[in-house]
Amino acid sequence: MKKIAIVLVVLFALMSVTLAGCGAPAAESAPSGAQTSAQASEAASVEPEASTTGEETGKTVKVGVAMKTLDNPYFIALAETLENLCKEKGWEVTVLDAKNDITEETKNIETFNSQNMDIVFLDAIDTLSCAPAVMAGKEAGIPTIVVDSGIDPSAGAATSISSDNQNNGIEVGKYAAKYFGDKQITAAQISGTKGHPTGLIRRAGIYAGIFEARLGLSPEDAWNRALEFEQQLTDNGKASDEEAKLEIVGQGWGNWTADGGLPAMEDLLVANPNINAVFGENDNMLIGAMTALENANKLDSVAIFASADGQKEAYEMIKEGTAYKATGENNPVKVAEQAMNIASQIIDDGKDPYSFEAEIFTDANCVNPENVDQFYDPDSLF
């Protein structure tokens, strides 16, 4: 019995030591309100969904809207729609305008990162300049949804929502081919900013549509031919395809605005007074270009085609039978609504921000005199 008692005493002592060892982390835990790096890492690995689900936690959701500019009706409508949709959900919204300054845009994104936004909507000036700031936001747990413009994959954005720039341009190009029939197209090109990938896709889309319609090419072959044609324009300031009866006699840069489109068109007309068409990468620049054409008494002899936007004023001119013949639909309200749909899935449903397709497009449409009434809304923001 004495041996049994001794064994029991030894076992009891060993159990006490073991229990004390299991409880050691509690005794050595950090002070209240602080976390060790291991604890913070563990918390981050299990808590992101709860921290980003506004409806479940009841916390105020903070949203940043970083706009490249607000000096264009499209961007104003895009920003206002995003802001209004966020407010309808009870989300707190801050809109910052970079004024087409890439340094300012980076600062705006960094401001949103420092404010620990729950999500950021970004309309980027170019694809690379703000990529490090967007990646820094991702690393801090702030997903970015790019709207309207593209961004380099290195930025790590959640997704990009935009109109289908390529197919909008293609449909407009097909309509331009139909409008001119077998006639030679001698056109001036009004573009946004040099090196902008969206601008390249929009103008190449028009060329591809013309090649597809006039030469009977497959969509793939027409697109490849359009890219070669665009490279010719980039290298030489002009481009020509004799088989397709298409010539671009010059390219002007309008910085996406009517105020920029007017002088760009004026300069092109000085060197190329005998054009019969103008292609543009958005409506706003071409509205400015129309003023220059009108001042030069050229509106009766020139047809105008925009790859994008579907601005209300452009629709009105198409309806009225003016020189403005067609535009691609790039509806900022539809882009904002799609972006908010993604944001709601992330914030309210806890969906992984990086589980979406890298690029999501709205439907492509060429708006022309035959169908403009289906798209025109006199009360629209844009």
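Me: Which residues does Ser163 touch, not counting residues up to four places away in sequence?
Reply: Keep in mind that this is a predicted model. Ser163 is found in the loop between E5 and helix H9 (165-180). Leaving out residues up to four places away in sequence, Ser163 touches Asn168, Glu329, Asn330, Val335, Phe361 and Thr362.

Me: How far apart in space are Ser163 and Pro332, C-alpha to C-alpha?
Reply: Along the sequence, Ser163 and Pro332 are 169 residues apart. In space, going C-alpha to C-alpha, the gap between Ser163 and Pro332 is 8.6 Å.

Me: Is Ser163 buried or exposed?
Reply: Buried means under 20% relative accessible area. Ser163 has a relative accessible area of 1%, so Ser163 is buried.

Me: In what order do the 6 strands of the open sheet come?
Reply: Let's start with some pairs. E4 (residues 144-147) pairs with E5 in the parallel sense over 3 bridges, and E5 pairs with strand E12 (residues 359-361), again parallel and over 3 bridges. Put into the whole open sheet, where the pairing is parallel, the order is E2-E1-E3-E4-E5-E12.

Me: Why is one side of E2 and of E12 left without a neighbour in the sheet?
Reply: Look at the ends of the order E2-E1-E3-E4-E5-E12. Strand E2 (92-97) and E12 stand at the edges, so one side of each has no neighbour in the sheet, because each has a single partner strand.

Me: What does the twist average from one strand to the next?
Reply: We're still on the open sheet of 6 strands, with its parallel pairing. Going from one strand to the next, the twist averages 20°.

Me: Which helix packs on the sheet and touches E1, E2 and E3?
Reply: Three strands are touched here: E1 (62-67), E2 and E3 (119-122). The helix runs in a direction that makes about 160° with that of E2. It covers residues 102-114, and its name is H7.

Me: Which residues of E5 point one way, and which the other way?
Reply: In a regular strand the side chains alternate between the two faces of the sheet. Strand E5 covers residues 159-162, and all of them are buried. One way you get Thr159 and Ile161, and the other way Ser160 and Ser162.

Me: Which residue in E12 is the bridge partner of Ile161?
Reply: Strands of a sheet pair through backbone hydrogen bonds, either parallel or antiparallel. On the E4 side, the bridge partner of Val146 in E5 is Ser160, and Ile145 stands opposite Thr159. Over in E12, the bridge partner of Ile161 is Ile360.

Me: How many disulfides does the count come to?
Reply: A disulfide is a covalent bond between the sulfur atoms of two cysteines. The chain has cysteines such as Cys86, buried at 0% relative accessibility, and Cys130, also buried at 0%. For a disulfide, the sulfur atoms of a pair have to be within 2.5 Å. By this rule the count is 0.

Me: Are the axes of H12 and H13 parallel, perpendicular or oblique?
Reply: Helix H12 (residues 258-271) and helix H13 (residues 283-295) have axes that come within 6 Å and cross at roughly 45°. That makes H12, relative to H13, oblique.

Me: Which residues of H13 do the H12 residues meet?
Reply: H12 passes H13 in a right-handed crossing. From H12, the residues taking part are Ala258, Gly261, Leu262, Met265, Glu266 and Leu269. In H13 they meet Asn284, Met285, Gly288, Ala289, Thr291, Ala292 and Leu293.

Me: What is the phi of Asp148?
Reply: Asp148 sits in the loop between E4 and E5. It is buried, with a relative accessible area of 7%. Although Asp148 is not a glycine, its phi is positive, at about 75°.

Me: Is Asn255 buried, partly exposed or exposed?
Reply: Asn255 lies in the loop between strand E8 (246-253) and H12. Its phi is positive, about 55°, although Asn255 is not a glycine. With a relative accessibility of 35%, Asn255 counts as partly exposed.

Me: Which residues does Ser344 touch, not counting residues up to four places away in sequence?
Reply: Ser344 lies in helix H15 (residues 332-347). It is buried, with a relative accessible area of 16%. Not counting residues up to four places away in sequence, Ser344 touches Lys89, Trp91 and Asp349.

Conventions: Residues are numbered from 1 along each chain as its sequence is written. This is a predicted model: local features need pLDDT of at least 70, side-chain atom pairs count only at pLDDT 80 or more; totals for chains, interfaces and linings use all residues. Side-chain values use heavy atoms; hydrogens and water are left out. Buried means under 20% relative accessible area, exposed over 50%, partly exposed in between (1.4 Å probe, protein chains only). Helices (H or I, at least four residues) and strands (E, at least two) are DSSP runs, numbered from the N terminus. Two strands pair if DSSP finds at least two bridges between them. Axes are lines fitted to C-alpha atoms, for helices over the stretch in contact, and angles run from 0 to 180 degrees between N-to-C directions. Angles under 35 degrees count as roughly parallel, over 145 as roughly antiparallel, 65 to 115 as roughly perpendicular and the rest as oblique. A crossing is left-handed if the near helix is turned anticlockwise from the far one by less than a right angle, and right-handed if clockwise. Contact means heavy atoms within 4.5 Å.
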